[in-house]
Amino acid sequence: MTSTRLAALTLAVLLAVAASGGAHAFLDRAEPKVGSTLRAPPSEVRLWFTESLEAAFSSVQVLDASGRRVDKDDGRVETSNLALLRTSLVPLPPGTYKVVWRVVSIDSHVTAGDFAFHVTR
């Protein structure tokens, strides 16, 4: 193998490794749990991610079945744990609620998702 071919192959391998090495902040766990049914309404929603988040570009909303926001619009990334996003909730009546999140990890990758939980009495 010529040195030019070896250099080209080495560069291609390095670029492939670098491109695949980027991390994304995926949802690791949530409280309330994804798809859970609760007897008592929670006072907040907490979302833990697999990577640290950029606070200025990460958000969470909680919606009722009609699409109205039921969080207190105080979503924030915890300064003591940059992988934790949380928001407070108004008192929730029984029903189904949808948590919608969009986060940017510290390496600038965007991920988003949603899940539901149910409150009964």
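Contact here means heavy atoms within 4.5 Å.

**Figure 1. The whole chain is a predicted model with 1 helix and 8 strands.** Along the sequence, the pattern runs α-β-β-β-β-β-β-β-β. The protein chain has 121 residues, and buried residues make up 31% of them. Take the contacts with a separation of 6 or more: residues 24 or more positions apart account for 60% of these. The chain exposes about 7,400 Å². Carbon and sulfur atoms supply 57% of that exposed area.

**Figure 2. The largest nonpolar core holds 20 residues.** Six of its residues touch the most other members: L47, F49, V62, L85, V99 and F117. Two or more residues come from each of strand 3, strand 4 (59-63), strand 7 (95-104) and strand 8 (110-119). Strand 7 gives the most to this core, with 4 residues. In soluble globular proteins, nonpolar side chains tend to be buried together.

**Figure 3. F49 sits in strand 3, which covers residues 44-49.** The relative accessibility of F49 is 5%, so F49 counts as buried; the cut-off for buried is under 20%. F49 is among the core residues that touch the most other members. Beyond its neighbours within four places in sequence, F49 is in contact with A25, F26, L27, D28, A83, L85, W101 and V103. The pair F49 and V103 shows how sequence and space can part ways. These two residues are 54 residues apart in sequence, and their C-alpha atoms are 9.2 Å apart in space.

**Figure 4. L85 is another of the core residues that touch the most other members.** Residues up to four places away in sequence are not counted in this view. The partners of L85 are V45, R46, L47, F49, L53, S59, V60, R76, V77 and V103. Among them, L47 and F49 also belong to the core.

**Figure 5. S88 in strand 6 makes a side-chain polar contact with D74.** Strand 6 spans residues 81-88. The two side chains are joined at 2.8 Å. S88 has 16% relative accessibility and therefore counts as buried. Leaving out residues up to four places away in sequence, S88 touches S43, E44, D71, K72 and D74.

**Figure 6. A cis peptide bond joins E31 and P32.** Its omega is about 0°. P32 lies in the loop between strand 1 (27-31) and strand 2 (37-38). Most residues other than glycine have a negative phi, and most peptide bonds are trans.

**Figure 7. D73 has a positive phi without being a glycine.** The angle is near 55°. D73 is placed in the loop between strand 4 and strand 5 (76-78). With 59% relative accessibility, D73 counts as exposed, because exposed means over 50%.

**Figure 8. S108 also has a positive phi and is not a glycine.** Here phi is about 80°. The loop that holds S108 runs between strand 7 and strand 8. The relative accessibility of S108 is 55%, so S108 counts as exposed.

Methods: Residues are numbered from 1 along each chain as its sequence is written. This is a predicted model: local features need pLDDT of at least 70, side-chain atom pairs count only at pLDDT 80 or more; totals for chains, interfaces and linings use all residues. Side-chain values use heavy atoms; hydrogens and water are left out. Buried means under 20% relative accessible area, exposed over 50%, partly exposed in between (1.4 Å probe, protein chains only). A nonpolar core is a set of buried Ala, Val, Leu, Ile, Met, Phe, Trp, Tyr and Cys residues joined through side-chain atoms within 4.5 Å. Accessible areas come from the Shrake-Rupley method with a 1.4 Å probe; for residues, only the protein chains shown count as cover. A polar contact is a pair of N or O atoms within 3.5 Å; within protein, one must be able to donate a hydrogen and the other to accept it, and residues adjacent in sequence count only if both atoms are side-chain atoms.
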